[in-house]
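Hello,

Here is the structure I promised to hand over. Please open it beside this email and follow along.

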Amino acid sequence: MPETTPVPTRETSGTAPAAALELLGITAGYDRRAPVLSGISLTVAAGEAVGLLGPSGCGKSTLARVAALLHRPYAGTVRLGGREVRGFRHRAPRALRTSVGVVFQQPRLAADPRLTLADTIAEPLRATGRRDEIPDRLPGLAASVGLGGDLLSRRPHEVSDGQLQRACLARALILRPRLLICDEMTAMLDASTTAALVAAVEDYRRGSGAALLAVGHDRVLLERWCDRVVDLPAARPPGGR
C-alpha cells in the first residue's frame with residue numbers, strides 16, 4: 001500500500017474567502033486493496049495557481065479526477081468553495097459540477113469525433129440548457145484560445161492535436177468555472193502551443209479570479225506558471241516498504 005503522506009496545505013485566515021479546493025485525507029485508486037493515493041491532503045486557495053508535480057504512476061491524475069468530481073475516493077473529504085461534496089460524477093449537484101473546468105492530456109480521447117470544434121466548445125452550454133448563450137459566448141471564447149475562421153467548422157480528425165486542445169480548453173472555460181484543472185494539458189504539445197494555452201488560461205484567470213490546479217511533470221513550466229508547486233511522492237508498490 002502506498003505510504004500515507006500528507007501534502008502541505010496553505011493556511012487561510014478567518015476573513016479569507018473559502019478555498020477553491022480542499023482535499024482532506026484522500027485515499028483513492030482503482031483497487032481498494034492497493035490504492036494509488038493514501039491520506040493525501042491539498043488546498044488551493046481562492047484565485048491561487050497550484051502546480052502538482054510527480055513521477056508517472058504517483059496518482060496525480062487520479063487526484064485531479066477526484067478534485068474534478070470524476071472519481072469517488074475510498075476515503076477523505078472534498079470541498080469546493082467551502083462546500084463539502086457528497087456525490088461524484090452525475091450524482092454531484094450541477095452547481096458543483098459546473099464550478100470546475102477540466103482539460104485532459106489527450107484531446108482526442110476527450111472530444112467527440114462527431115462534433116465540430118464549435119459544437120465541442122458549446123457542448124456544456126447545451127448540456128446545461130443554456131444554448132441561447134452560444135452566439136454571444138462562442139466567438140469571443142474561441143478567439144481567446146486562438147481558434148477562428150473555418151477551424152470551428154472542422155471535426156477532430158481535420159485538425160492538429162494543438163488545435164483540438166485549444167477547443168477543449170475553450171470548452172472547459174465556457175461555463176466560467178471558479179476552478180480550472182489542467183491535467184498534463186500541454187504534455188503532447190510543442191513549445192509555442194504550450195505558451196499560447198498557458199497565456200489563455202492566465203487571461204481567463206485574470207478576468208475571473210478563478211483558481212488553477214495544474215498537473216504535470218515539467219517542474220520548470222509549473223514553477224513559472226503557478227504560485228507554488230507541490231510534489232506528490234511516488235506511490236510504493238503493493239507490499240513495498
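A word on terms before the counts: helices and strands here are DSSP runs, with at least four residues for a helix and at least two for a strand, numbered from the N terminus. Please also keep in mind that this is a predicted model.

**The whole protein**

On that basis, the protein has eight helices and nine strands. Its radius of gyration is 18 Å, close to the 18 Å that the globule rule gives for 241 residues, so the protein is as compact as a globular protein of that length. The C-alpha trace spans about 55 × 40 × 35 Å along its principal axes. Of the 241 residues, 50% count as buried. The accessible surface comes to about 11500 Å², and carbon and sulfur atoms hold 49% of that. Now look at contacts between residues at least 6 apart in sequence: 73% of them join residues at least 24 apart.

**The antiparallel sheet**

Strands of a sheet pair through backbone hydrogen bonds, either parallel or antiparallel. You will find both kinds here, so take the sheets one by one.

Four strands make an open sheet, in the order β2-β1-β4-β5, with antiparallel pairing. Its edge strands are β2 and β5, and each of them pairs on one side only.

Start at β2, residues 37-44. This strand is mostly covered, with eight of its eight residues buried. Its partner is β1, residues 21-28, and five bridges link the two in the antiparallel sense. To see the pairing, find Ile-26, which stands opposite Ile-40 in β2.

Next, go from β1 to β4, residues 75-80. These strands run antiparallel and are joined by five bridges. Two pairs are easy to check. Leu-23 stands opposite Val-78 in β4. Thr-27 has Ala-75 of β4 as its bridge partner.

Last comes β5, residues 83-84. It pairs with β4 over two bridges, again in the antiparallel sense. Arg-79 has its bridge partner in β5, namely Glu-84. The hairpin of β4 and β5 has two residues between the strands, and Gly-81 in it takes a positive phi near 60°.

**The helix across that sheet**

Which strands does α1 lie across? They are β1, β2 and β4, and the helix runs at about 125° to β1. Six of the eight residues of α1 (residues 60-67) are buried, so this helix is largely enclosed by the rest of the structure. The buried ones are Lys-60, Thr-62, Leu-63, Ala-64, Val-66 and Ala-67. Just after α1, Leu-69 takes a positive phi of about 65°.

**The parallel sheet**

The other open sheet has five strands with parallel pairing, in the order β6-β7-β8-β3-β9. At its edges are β6 (100-103) and β9 (228-231), each pairing on one side only. From one strand to the next, the twist averages 20°.

Look at β3 (residues 49-53) and β8 (residues 211-216). Five bridges join them, and they run parallel. Leu-53 stands opposite Gly-216 in β8. Helix α7, residues 191-208, lies across β3, β7 (179-183) and β8. This helix runs at about 160° to β8.

**Helix α4**

Now find α4, residues 117-127. Its buried residues are Leu-117, Ala-118, Thr-120, Ile-121, Ala-122, Pro-124 and Leu-125. What covers them includes α5 (134-144) and α6 (161-173). After α4 comes Gly-129, with a positive phi near 70°.

**The cysteines**

A disulfide is a covalent bond between the sulfur atoms of two cysteines. How many disulfides are there here? With a cut-off of 2.5 Å between the sulfur atoms, the count comes to zero.

Why does Cys-58 form no bond with its closest cysteine? The closest cysteine sulfur, in Cys-226, is 15 Å from that of Cys-58, which is too far for a bond. Cys-168 is in no disulfide either; the nearest cysteine sulfur, that of Cys-182, is 11 Å away.

Are Cys-58 and Cys-168 buried or exposed? Cys-58 is buried, with a relative accessible area of 2%. Cys-168 also counts as buried, at 3% relative accessibility.

Best wishes

Conventions:
Residues numbered from 1 in each chain as written. Predicted model: local features only at pLDDT ≥ 70, side-chain atom pairs only at ≥ 80, totals over all residues. Heavy atoms only, no water. Buried < 20%, exposed > 50% of the residue type's maximum accessible area, 1.4 Å probe, protein only. Pairing = 2+ DSSP bridges. Contact = heavy atoms within 4.5 Å. Axes fitted to C-alpha atoms, helices over the stretch in contact; angles between N-to-C directions. Rg over C-alpha atoms; globule rule 2.2 N^0.38 Å. Areas by Shrake-Rupley, 256 points an atom, 1.4 Å probe, with all protein chains shown as cover.
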